[in-house]
Amino acid sequence: MTRPLLNRRLAEFGTTIFAEMSALAARTGSINLGQGFPDTDGPEEIREAAVRALRDGLGNQYPPGPGVPELRRAVADHQREWYGLTYDPDAEVLVTAGATEAIAAALLALVEPGDEVIALEPYYDSYAACVAMAGGTRVPVTLRPHEGAYVLDLDELRAAVTDRTRLILLNTPHNPTGTVLTRAELTAVAELAIERDLLVVTDEVYEHLVFDDAEHVPLASLPGMRERTVTIGSAGKTFSFTGWKVGWITASPELTAAVRSAKQFLTYVSSGPFQYAIAEALRLPAAYFDGLRADLRAKRDLLSEGLAQAGFEVYRPAGTYFVTTDIRPLGADDGFAFCRSLPERAGVVAIPNAVFYDHREAGAPFVRFAFCKKTEVLEEAVNRLKRLA
């Protein structure tokens, strides 16, 4: 055939960098600190809940399209208990195949061809692909490093809004930079959305992975935002069962119905028995979430200090389980070349941040490492990385 086989909207998207770097880790026997998945399972009682659901015949056939009632109620209860947000589990909660499908369904449902979608750059790679599939135009607003952290320029965000802007795609806690937007920043975003009559899709999958004095503030909890915000959550990051692919949205009845209209033609339903298990997980006591944060904070500090000793400039994250570093102190400025050579040089795999940018040059000298691994794995990675010093 003379015509290209791939839809032109997806022509710019090849194999993801995660697949490339994970294959490189396997081929070289390197420690994989690239892709963000834990190397241990989550709570044993939640795994047993999934086994029990399988044995009891719960979810082995198609579950309800919006998700099993037990999980929808648990999501609604979670939002009320943690953030004071009240949602109707029947009309305002929709279960999805992970956050990735939630993002896709939301954008396919809410974006018309030609609409502009503002996203904070660097951004999770599926954002760009989903905007493209919806026929939208992505408009990046770049988070920039400043005094050891990445910050949002609110003036730049305001300037990015045009008459064609449909929605803002927000992510906090933010992957890959680890930034947690403050209440003041989110208030400014909310005021802008209300002033310009914008929708907001907010990816909050790292909501429980915040450290030190950082606070996760759901955008929907701010005045005037509940009716114009689609909030995305996920079990994978909070409970370390990323393979189960259980996510959800909470939104007004009108927005939930719109997203459901797109979602029903994607997976339709998924993760039947696992939905019952995650319903139990969301009801774990606060001690579980406190322990998760404490464990990851210690691992963040271990890896951050090791990277600094190896010669990187380190941006210590306030949230998520990723550390962004600057490779220029090591005499390099091309993150792709650096990451492709790192397995041979040090036996460790990382991800070049440039893949998360439209403006590749802005992300060129930055590299991301994941710390959601066993302590002994991180200690070995730190020892290997010392070869670079």
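**Figure 1. Helices and strands of the chain.** The chain holds 14 helices and 15 strands; both are DSSP runs numbered from the N terminus, with helices being H or I runs of at least four residues and strands E runs of at least two. What you're looking at is a predicted model, where local features need pLDDT of at least 70, side-chain atom pairs count only at pLDDT 80 or more, and totals for chains, interfaces and linings use all residues. Residues are numbered from 1 along each chain as its sequence is written, and side-chain values use heavy atoms, with hydrogens and water left out.

**Figure 2. The overall build of the chain.** Along the principal axes, the C-alpha atoms fill a box of roughly 55 × 55 × 50 Å. The radius of gyration is 20 Å, which agrees with the value near 21 Å for a compact globule of 389 residues. That radius is taken over C-alpha atoms, and the globule rule is 2.2 Å times the number of residues to the power 0.38. Take the contacts (heavy atoms within 4.5 Å) between residues at least 6 apart in sequence: 75% of them join residues at least 24 apart.

**Figure 3. Inside and outside.** Of the 389 residues, 58% are buried, meaning under 20% relative accessible area with a 1.4 Å probe, protein chains only; exposed is over 50%, and partly exposed is in between. About 16000 Å² of the chain is exposed, and carbon and sulfur atoms supply 50% of that. These areas come from the Shrake-Rupley method with a 1.4 Å probe, and for residues only the protein chains shown count as cover.

**Figure 4. A close look at helix 5.** This helix spans residues 125-133, and 7 of its 9 residues are buried, so helix 5 is largely enclosed by the rest of the structure. Among the buried ones are Tyr127, Cys130 and Val131. What covers them? The cover over the buried residues of helix 5 includes helix 4 (98-110), strand 3 (116-121) and strand 8 (199-203). After helix 5 comes Gly135, with a positive phi near 85°.

**Figure 5. Two cysteines without a bond.** Searching the whole structure turns up 0 disulfides, a disulfide being a pair of cysteine sulfur atoms within 2.5 Å. Cys339 is in no disulfide, and the nearest cysteine sulfur, in Cys372, is 16 Å away. Seen from Cys372, the closest cysteine sulfur is that of Cys339, and 16 Å is too far for a bond. Cys339 counts as buried because its relative accessibility is 0%. Cys372, at 4% relative accessibility, also counts as buried.
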